[in-house]
Amino acid sequence: MQPVGIIGDLLSDPVFVGLLVAILAFVFFIYLFIRRTLTGFQEGVQKGQR
C-alpha cells in the first residue's frame, strides 16, 4: 500500500478520528493550562517586585 492510501484508510475509521481529536484536544488544553500558569506566575513575580 502507498502511504496516502494508509492515511485515507485511517481517516475513514471513526474510532481513529475520535482518538485523534481527543489527543489533539488534550494537547491543546495542556498547552493553554501551562501558558496560563506561567503568565500568572510572571505577573505575580512582577507585582512582588513593586
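I34 is a residue of helix α2. In this predicted model, the relative accessible area of I34 is 44%, so the residue counts as partly exposed; the class applies between 20% and 50%. I34 also belongs to a nonpolar patch on the surface, together with V15, L19, I23, F26, V27, F29, I30, F33 and L38. The accessible area of these residues together is about 1,000 Å².

Two members of that patch, F29 and F33, deserve a separate look. Both are in helix α2, where four residues, about one turn of the helix, set them apart. The structure holds one aromatic pair. It is formed by F29 and F33, with ring centres 6.3 Å apart and planes at 20°, so the pair is stacked. The reasoning rests on two cut-offs: ring centres must lie within 6.5 Å for a pair, and planes under 30 degrees apart count as stacked.

The helix that carries these residues can be followed from its start. Helix α2 covers residues 14-49, and P14 lies in it. P14 has a relative accessibility of 64% and therefore counts as exposed, the limit for that class being over 50%. From the C-alpha atom of P14 to that of Q46, the separation is 48 Å, with the two positions 32 residues apart along the chain.

What does the whole protein contain besides this helix? The secondary structure consists of two helices and zero strands. The C-alpha trace spans about 65 × 20 × 5 Å along its principal axes. The radius of gyration is 20 Å, whereas a compact globule of 50 residues would have a value near 10 Å.

The last topic is exposure over the whole chain. How much of the protein is buried? Of the 50 residues, 0% are buried, a class that requires under 20% relative accessible area. The partly exposed I34 and the exposed P14 are two individual cases outside that class. The accessible surface of the protein amounts to about 4,700 Å², and carbon and sulfur atoms account for 72% of it. The nonpolar patch described above, which includes I34 and both rings of the stacked pair, has about 1,000 Å² of accessible area.

Key. Residues are numbered from 1 along each chain as its sequence is written. This is a predicted model: local features need pLDDT of at least 70, side-chain atom pairs count only at pLDDT 80 or more; totals for chains, interfaces and linings use all residues. Side-chain values use heavy atoms; hydrogens and water are left out. Buried means under 20% relative accessible area, exposed over 50%, partly exposed in between (1.4 Å probe, protein chains only). The radius of gyration is taken over C-alpha atoms; the globule rule is 2.2 Å times the number of residues to the power 0.38. Accessible areas come from the Shrake-Rupley method with a 1.4 Å probe; for residues, only the protein chains shown count as cover. Patches are made of residues with over 30% relative accessible area and no salt bridge: like charges are joined within 9 Å, nonpolar side chains (Val, Leu, Ile, Met, Phe, Trp, Tyr) within 5 Å. A salt bridge is a side-chain nitrogen of Lys or Arg within 4 Å of a carboxyl oxygen of Asp or Glu. Rings of Phe, Tyr and Trp (its six-membered ring) pair if their centres lie within 6.5 Å; planes under 30 degrees apart count as stacked, over 60 as edge-to-face and the rest as tilted.
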